[in-house]
Amino acid sequence: MKALVYNGPHDVSVDNVPDAKIERSTDVLVKVTSTNICGSDLHMYEGRTGMEPGRILGHENLGVVIEVGAAVDRVKVGDRVCLPFNIGCGFCANCEKGLSGFCLTVNPGTAGGAYGFAGMGPYSGGQAELLRVPYGDFNCLVLPRDSQEKENDYVMLSDIFPTGYHATELAGVQPGESVVIYGAGPVGLMAACSAVLKGASQVMVVDTHKDRLQLAEKLGAIAIDNTEGDGIERIMELTGGQGADRGCECVGFQCCNMHREEVPNLTMNSLVQTVKATGRIGVVGVFIPEDPHAQDKLAKKGQIAFDFGQFWIKGQSIGTGQANVKAYNRRLSRLIEHDKVKPSWIVSHELPLERAPEAYKSFDKREKGWTKVILKP
Amino acid sequence: MKQPVAYEDAVDLLDADHIAVKKMFIDYGALCEDGAAADHKRALAERICQALTVHAQLEEELFYPEVRKVIGADDLMDEALDEHAHAKNVIARIRAMKATDAAYDATVTELGALIDRHVLEEREQMFLKARQAPLDLRGLALPLLKRKRKLTQKTTPPTSKETA
């Protein structure tokens, strides 16, 4: 089969590799029809993770079931399914509680498994013609009947829609509250969409990319262009000097200042400043336990200089970690089915798998107009 | 009062060592960045070497033979033993050096990279296969813990009586 293979930093190619196949009786084999490039693929693309050369990338996958293992009951050949980027077993102490992003069995040594992701287990990614889905009955979301015509919407259930929603859950957003979101990338925009869905009174989205901020405005959010570094003053003004009720971090460890230099503590400390006393901050941007290629001494050992004193004085709290997609994807799929949301508005490019390498290049450079890429193997 | 054994299974027990040693390697990198004193670095490097030595012995004596019997992947097991041999060699080199030697930091870093690769392979291949095989990993945690206590007795005596 054809697949997008990681060869090393800034080097990916579409190669012929052995077909994915059923390996255990609980597996499901999917013919991938849509697979997105994610911002977190770029951390790997840039060589900032322990990603091994030769691995297939891709954790935002949707497709048609073409084979099921002998122990699979629920999922049938022909079902159109969306796969959460997390791989869970369904029976460990964390999966039992809906915390399938922190499955204790699929990736020994670390809580949580995923497709084609550094440190998340041996599972191949779905930027390929075929994908092996472990514990298929648990992991497959069988899609509603209109899934073919809304495929570009449903594929967002694999990661960015639930992840954006998770940011608002971690932050505890309630109707009528104000929310500040750092990052207008796909996840930040999905967080803004989720905050609007939840009835937030003011949703402020901070970024420096004008094309992305325009998308935030289309959602009904207030775009805060931080290019001049005055984002914090704007937010304080909009919240009467108090700060927002809730904050969401949707950028991660490679956040940059206005000069495009990485300042890993920038968004976290800005949130401490722009969220009100006793407010809550949800962090879904990726932070990593060590970053040997970082410029910053602290970042090398996975630390940031965090304004803890200010955070404590303000009595704030924080929720962190990757989204447990299974906890939300069925509910969120109903919103798409009933035309309440249309997450495909974020898509800027739809390309065949063969063109994935150039897509990585453009997306990585944040070229104007490249917000979200769907590959069609 | 008896203290129950907390490890879910043998894999969790062994992986706890991996996690602890990983943190020590990151700390070692930070000491180098900060230009820490040689005896400071030496003490940490020795803790790393000691932890890995005990860990390798545990795996080789009690864990690998049981896993080899059931997973049907001799090449994987042989590779793991080769990697242990390589690591022991590097540990011996570190222990024979002075912390002021020019190559000291690089050798500790070399060990770290070696262990990173070995741990990744264990987690992604051997540990998964072991968990999916008909092997009493829960039961195996007990002799592993008992042996570990024995091997580390001199440095950390157990504080309470446990049902090991």
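Two strands are taken as paired where DSSP finds at least two bridges between them, and it is in this sense that the pairing of strand β3 of chain A is described for the present model, which is a predicted one. By this criterion, three bridges join β3(A) to strand β17 of chain A, residues 373–376, the two strands running antiparallel, and within this pairing T35(A) stands opposite L375(A) of β17(A).

Strand β3(A), which spans residues 28–37, is also joined to two further strands of chain A. Eight bridges connect β3(A) with strand β4, residues 60–68, in an antiparallel arrangement, and here the bridge partner of S34(A) is L62(A). Four bridges link β3(A) to strand β8, residues 130–133, again with the strands antiparallel, and in that pairing K31(A) is found opposite L130(A). Of the 10 residues of β3(A), nine are buried, and the strand is therefore largely enclosed by the rest of the structure.

The loop that lies between α13 (356–364) and β17 of chain A contains T371(A). With a relative accessible area of 7%, T371(A) falls under the 20% limit and is therefore classed as buried. A polar atom of the T371(A) side chain is placed 2.8 Å from the backbone oxygen of I346(A). When residues up to four places away in sequence are left out, the residues touched by T371(A) are P186(A), R212(A), L215(A), I346(A), V347(A), S348(A) and F363(A), so that I346(A) appears both in this set of contacts and as the residue whose backbone oxygen faces the T371(A) side chain at the distance of 2.8 Å.

The model also contains an interface between two chains, in which 18 residues of chain A are in contact with 16 residues of chain B. The area buried between chain A and chain B amounts to about 1400 Å², with carbon and sulfur atoms giving 53% of it. On the side of chain A, the residues that lose the most area to chain B are P108(A), K297(A) and K301(A), which together account for 34% of what that side buries.

Four salt bridges are found by the rule across the interface of chain A and chain B; one of them pairs K22(B) with E290(A), whose closest N and O atoms are 2.4 Å apart. Between chain A and chain B, six residue pairs are counted in polar contact, with both residues at pLDDT 80 or more. Classified by residue type, the side of chain A that touches chain B is made up of seven nonpolar, four polar and seven charged residues.

How values were computed
Residues numbered from 1 in each chain as written. Chains lettered and ligands numbered in written order. Predicted model: local features only at pLDDT ≥ 70, side-chain atom pairs only at ≥ 80, totals over all residues. Heavy atoms only, no water. Buried < 20%, exposed > 50% of the residue type's maximum accessible area, 1.4 Å probe, protein only. Contact = heavy atoms within 4.5 Å. Buried area = accessible area lost by both parts, 1.4 Å probe. Salt bridge = Lys/Arg side-chain N within 4 Å of Asp/Glu carboxyl O. Polar contact = N/O pair within 3.5 Å; in protein donor to acceptor, adjacent residues only side chain to side chain. Nonpolar A, V, L, I, M, F, W, Y, C, P; charged D, E, K, R; others polar.
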